[in-house]
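Work through the exercises below with the sequence and the model side by side. Each task is followed by a solution that goes step by step.

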Amino acid sequence: VVIIDCNPVWWGRRQQQQAEPAQIVLSHCLDAIQVFINSYLMFSHRNKVAVIASHTGKTHFLYPKNVPDPRLEQQRGEDGRYEQFASVDDTVVDEIKQLMTSDTTSTELKTDTLLAGSLAVALCYIHRLEKECQTGQQLNTRVLVIKAAEDSPSQYMNLMNIIFTAQKQNVVIDACILDKDSGLLQQACDITGGIYLKIPQMTGLLQYLLWVFLPDLSMREVMALPPKVQVDYRAACFCH
């Protein structure tokens with residue numbers, strides 16, 4: 001499961017700073033994520049992916065959709081792309097466009113990303129898939145959080161509950177940080193056995209996704225990956 005931080009405030013600031021070479025805009029980030037997802041699907045025909053958008057006030061399930069868009073279904077296959085790749089790419093881009101333009105009339109500006117809600121939705125989706133599995137079949141599940149905005153201390157208690165739930169369900173949480181370090185996700189990755197990486201260069205996002213987060217859990221033991229960060233386990237102040 002891939003969770004994308006779609007905080008419009010953070011991405012809006014990056015759009016204004018796009019002249020700087022070290023910055024990245026949402027469209028370029030989505031291009032890198034789509035290549036990463038397609039590469040993961042190419043690894044094995046048994047690999048499945050789900051994409052969730054984490055917005056300021058809500059969580060939106062981007063892919064897969066219960067009811068396919070007939071407009072996208074009609075356009076698919078005309079450009080020679082592999083059908084599954086085209087399905088993921090077109091659906092994710094179309095859903096994010098609708099999400100980012102849906103709150104343009106709102107006068108209240110929120111800067112916090114609803115990360116706890118997105119992780120809860122991801123765990124519920126994984127739990128449903130596990131319930132649908134045949135007897136004796138086991139899923140190797142993991143969640144990749146692509147984080148842009150800063151941490152929200154008010155979500156500390158909810159996030160810690162979700163992290164321990166993921167640990168109990170044997171769900172690994174990985175974190176790819178685009179801006180400032182996230183103490184909450186450092187704890188999540190350390191507790192669940194995932195990888196925490198703050199991107200040194202934003203323009204190299206795709207390379208870091210393919211190098212660090214694409215290999216499955218069994219391959220990580222034999223790969224030269226970035227060293228683990230020192231985790232700060234001090235509790236966040238969630239009352240101020």
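The exercises that follow deal with strands, salt bridges, a pocket and a cavity.

This is a predicted model, in which local features need pLDDT of at least 70 and side-chain atom pairs count only at pLDDT 80 or more, while totals for chains, interfaces and linings use all residues. Residues are numbered from 1 along each chain as its sequence is written, and side-chain values use heavy atoms, with hydrogens and water left out.

**Exercise 1. Find the strands that pair with strand S2 (residues 51-54), and state whether its faces are covered.**

Step one is to settle the terms: strands (E, at least two residues) and helices (H or I, at least four) are DSSP runs numbered from the N terminus, and two strands pair if DSSP finds at least two bridges between them.
Step two is to look at strand S1 (residues 2-5), which runs parallel to S2 and is joined to it by 4 bridges; here Val-2 has Val-51 as its bridge partner.
Step three turns to S3, which runs antiparallel to S2 and is also joined to it by 4 bridges, with Phe-61 as the partner of Ile-52, and a hairpin of 4 residues leads from S2 to S3.
Step four concerns the faces. In a regular strand the side chains alternate between the two faces of the sheet. In S2, Val-51 and Ala-53 lie on one side and Ile-52 and Ser-54 on the other, and all are buried, where buried means under 20% relative accessible area, exposed over 50% and partly exposed in between, with a 1.4 Å probe and protein chains only.

**Exercise 2. Compare the settings of the salt bridges Lys-65 to Glu-95 and Arg-128 to Glu-132.**

Step one is the rule: a salt bridge is a side-chain nitrogen of Lys or Arg within 4 Å of a carboxyl oxygen of Asp or Glu, and the structure holds 5 of them.
Step two takes Lys-65 and Glu-95, whose side chains meet at 3.6 Å, N to O. Because Lys-65 lies in the loop between strand S3 (59-63) and helix H3 (70-75) and Glu-95 lies in helix H4, the pair ties together parts that are 30 residues apart in sequence. Lys-65 is partly exposed at 33% relative accessible area, whereas Glu-95 is buried at 12%.
Step three takes Arg-128 and Glu-132, with a distance of 3.6 Å, N to O; both lie in helix H5, 4 residues apart, which is about one turn of the helix. Arg-128 is partly exposed at 43%, and Glu-132 is exposed at 56%.

**Exercise 3. Describe the largest pocket and the largest cavity.**

Step one defines both on a 1 Å grid over the protein atoms alone: a cavity is a set of points where a 1.4 Å probe fits but cannot get out, a pocket is an open set with protein on both sides within 12 Å along at least five of seven lines, and lining residues have an atom within 4 Å of a point.
Step two is the pocket, which holds about 1,100 Å³ of space. Of its 36 lining residues, Tyr-40, Arg-46, Asn-47, Lys-48 and Asn-140 are the closest to its centre, and helix H2 gives the largest share of the lining, 5 residues.
Step three is the cavity, with about 40 Å³ of space. Its lining includes Lys-147 and Asp-151, which form a salt bridge with the closest N and O atoms 3.7 Å apart; Lys-147 is buried at 3%, and Asp-151 is partly exposed at 26%.

Notes:
Points joined across faces, edges and corners; volume = space filled by probe spheres on them.
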